[in-house]
Amino acid sequence: MISLPATRTALVLIDLQKGITGLPLAPTPGALIVERSKELAMRFRAAGAPVILVNVAFAPDFADAVHAVVDRNFSPPGGFAPDWAELVDGLAEPTDLRVTKRQWGAFYGTDLDLQLRRRGITTIVLGGIATNLGVESTARVAHEHGYNVVLAEDVMSTFTDQMQRFACEEIFPRLGRVTTSEAIALDA
């Protein structure tokens with residue numbers, strides 16, 4: 001069990017949005033990740049700890065997207081559906097903070113760090129999709145910014161079992177603590 005002070009801890013959920021949660025994911029389907037994330041978010045809200053919901057979105061002309069030359073772009077055939085960037089139904093509550101990013105990680109180009117620091121947050125609990133993309137990018141920068149990072153392995157998923165295992169077994173233990181959502185306790 002990991003005990004965390006509710007007044008100094010925030011839950012940050014990455015890309016639980018309509019266009020991503022329905023993709024073929026491993027090891028856990030998106031619908032189950034959403035269900036577990038909702039349960040964890042309810043526990044954080046009940047303890048008075050902030051819940052921050054991050055989505056990725058772009059302007060219609062993609063002028064605000066990263067335009068680096070890469071070997072493999074992520075672009076679905078036929079483009080993105082109109083509701084692609086919307087958070088899944090039933091996830092957000094009025095008290096939640098919302099952050100929209102334009103790249104994998106949730107820190108660069110957003111006010112996430114500012115919002116966390118103004119609230120006195122020193123620890124973030126991370127979950128979402130995709131484990132080795134948005135979650136890992138956010139975890140790396142959180143670690144570099146000096147936050148304590150807790151990674152709730154059962155509320156994240158990606159595209160293959162191998163990607164999930166590598167992130168959770170090799171990368172995340174170097175950035176923070178890897179646990180399950182049930183093993184996280186919030187102290188008053």
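Which residues form one aromatic cluster with Phe58? In this predicted model, the partners of Phe58 in that cluster are Phe62, Phe80 and Trp84.

Let's take the cluster ring by ring. A pair of aromatic rings is described by the distance of the centres and the angle of the planes. The count for the model comes to six aromatic pairs. One of them joins Phe58 and Phe62, with 5.6 Å centre to centre and 35° between the planes, a tilted arrangement. For Phe80 and Trp84, the centres lie 4.1 Å apart and the planes meet at 50°, so this pair is tilted. As for exposure, Phe58 is partly exposed at 27% relative accessibility, and Phe62 is partly exposed at 32%. Phe80 is partly exposed as well, at 24%, whereas Trp84, at 9%, is buried.

Now move along to helix α4, which covers residues 131-144. Its 14 residues reach 18 Å from the first C-alpha to the last, close to the 20 Å expected. Several of its residues are buried, among them Thr131, Val135, Ser137 and Ala142. The buried residues of α4 pack against strands β2, β5 and β6 and against helix α5. Just after α4, you will find Gly146 with a positive phi of about 90°.

The partnership with α5 (residues 161-175) deserves its own look: the two helix axes come within 11 Å and cross at roughly 5°. Because of that angle, α4 is roughly parallel to α5. Their contact has eight nonpolar, four polar and three charged residues. On the α4 side it includes Val135, Ala139 and His143, and on the α5 side Ala167, Ile171 and Leu175 are among the residues they meet.

Notes: Residues numbered from 1 in each chain as written. Predicted model: local features only at pLDDT ≥ 70, side-chain atom pairs only at ≥ 80, totals over all residues. Heavy atoms only, no water. Axes fitted to C-alpha atoms, helices over the stretch in contact; angles between N-to-C directions. Helix = DSSP H or I, 4+ residues; strand = E, 2+ residues; numbered from the N terminus. Parallel < 35°, antiparallel > 145°, perpendicular 65-115°, else oblique. Contact = heavy atoms within 4.5 Å. Nonpolar A, V, L, I, M, F, W, Y, C, P; charged D, E, K, R; others polar. Expected span 1.5 Å × (residues − 1). Buried < 20%, exposed > 50% of the residue type's maximum accessible area, 1.4 Å probe, protein only. Phe/Tyr/Trp six-rings, centres within 6.5 Å; stacked < 30°, edge-to-face > 60°.
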